[in-house]
Amino acid sequence: MVDQWQRVVVHADLDAFFASAEILRRPELRGLPVIVGGQPGGRGVVAAASYEARAYGVHSAMSAAQAHRLCPQAIFLPGDGDYYRDLSQRFRRILESYSPLVEMVSIDEAYLDLSHAGRSFASPRAAAEAIKQYVRDELGLVVSLGVATSRMVAKIASDLDKPDGLRVVEAGEEARFLAPLPVEKMPGIGPKATVKLHQNGIVTLGALARLSPVLLEPIFGKRSGEVLQRARGIDDRPVEPDGGPRRSVGHERTFSHDLLHNVEIERSLFQLAEQTGRDLRRRGLLAAGVALKLRYSDFETVGKQRRLPRPTDSHREIVSVAIDLAHELLAQRRAPVRLLGVRVTTLSDLAIQLPLFEVDPLRQRRLNLALDQLVERHGRGIVQPGWLQAREPREVMHPFLQPLDVEQR
């Protein structure tokens, strides 16, 4: 007989969190289409939508203007970060009352390992039902749960019966559970990979699981073996309390007008990299990779990343790579830019190695920390490099900057 508690991983996902949180403190909005995020007349995006709004085709990351066209009767509300963080912390405490092994992966999403702590319940399903009821009673929110022997299967299961879902995948049933699902249901298989798989007649996870890694290398490269293991329901990644090593830090910004010139783009990249570097220094972290996100005015979104020669917390090193990545993307397509994002990856604790033939990094770090103190006292923008002072978009103040040829809209 299989021990039902041999390994039990729960994925907990608060349904339409931001919208549900707003409805929680404004009960008169219950049953109405609610959208949290940008306003209809602006250029912001949807952060969350109630299920009543989703019925009209509204979804997160959609422009607020498009959401308004789809659902003009929707109630648009600005976000309230402090309120959401408070609810998230209370959500975490509830989960920790069931197991010390809780990993928050976002403000409204977590994994918990019940393999040992849950044995006081009759079954994993009974434990999950208790968690759902506790969240409802204590927070007034609805959580969807997936229960399985692995993180990936639990995550897929939690998404299948939303809202207010509960799906349990028994030990030994993982491959059978996954087999009929479309390949795009699996985390890590994005839109481009999905298209390539479909072009090769691979539509379901069952079909994917029957292949060999060699056949998938043109699509997934070195990840081919890992993708196949996951498609077969095999995922031994542990639940790491406190989230384990943080995966990335970054910032992004949607602009009030499309950026047409490289001067504007590089100014914005510097500001995003400065914020990101300041976050790294505040947390005592170094980053070994830089990733750039770029969204055009027609909402096509592209990205590129690069590994750094050595880990850093310097925004100057970060922005140098971000600028190079932006030029590479813009060389492939030159069009107005709506959003930019800078993210650093492969994080580690601060440990600076002194090079023999380069500028002392400790001196540079002391300078950056001093600049951070100035920003805290006087606000962002108090200190800027000279090339950011260009008054007109077409004034070239940096050797990399050239006017940008804009496609016809």
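**Exercise 1.** In this predicted model, work out what joins the side chains of Asp 164 and Arg 136, and where each residue lies.

*Solution.*
Step 1: Look at the charged ends. The two side chains meet in a salt bridge, with N and O 3.0 Å apart. That fits the cut-off, which is within 4 Å.
Step 2: Place the partners. Asp 164 is in the loop between H6 and E8, while Arg 136 belongs to helix H5 (residues 124–139), so the pair ties together parts 28 residues apart in sequence.
Step 3: Check the accessibility. Asp 164 is partly exposed at 37%, and Arg 136 is partly exposed at 36%.

**Exercise 2.** Now try Lys 162 and Asp 15: which of these is buried and which is partly exposed?

*Solution.*
Step 1: Find the contact. Their side chains form a salt bridge at 2.5 Å, N to O.
Step 2: See what gets linked. Lys 162 sits in the loop between helix H6 (151–160) and strand E8 (166–168), and Asp 15 in the loop between strand E1 (9–14) and helix H1 (17–25); the two are 147 residues apart.
Step 3: Use the cut-off: buried means under 20% relative accessible area. Asp 15 has 3%, so Asp 15 is buried. Lys 162 has 24%, so Lys 162 is partly exposed.

**Exercise 3.** Find which elements Glu 328 and Arg 306 come from.

*Solution.*
Step 1: Spot the salt bridge: the closest N and O atoms are 2.3 Å apart.
Step 2: Name the elements. Glu 328 is in helix H13 (residues 315–332) and Arg 306 in strand E11 (residues 301–312), 22 residues apart.
Step 3: Glu 328 is partly exposed, at 29%, and Arg 306 is partly exposed, at 29%.

How values were computed: Residues are numbered from 1 along each chain as its sequence is written. This is a predicted model: local features need pLDDT of at least 70, side-chain atom pairs count only at pLDDT 80 or more; totals for chains, interfaces and linings use all residues. Side-chain values use heavy atoms; hydrogens and water are left out. Helices (H or I, at least four residues) and strands (E, at least two) are DSSP runs, numbered from the N terminus. Buried means under 20% relative accessible area, exposed over 50%, partly exposed in between (1.4 Å probe, protein chains only).
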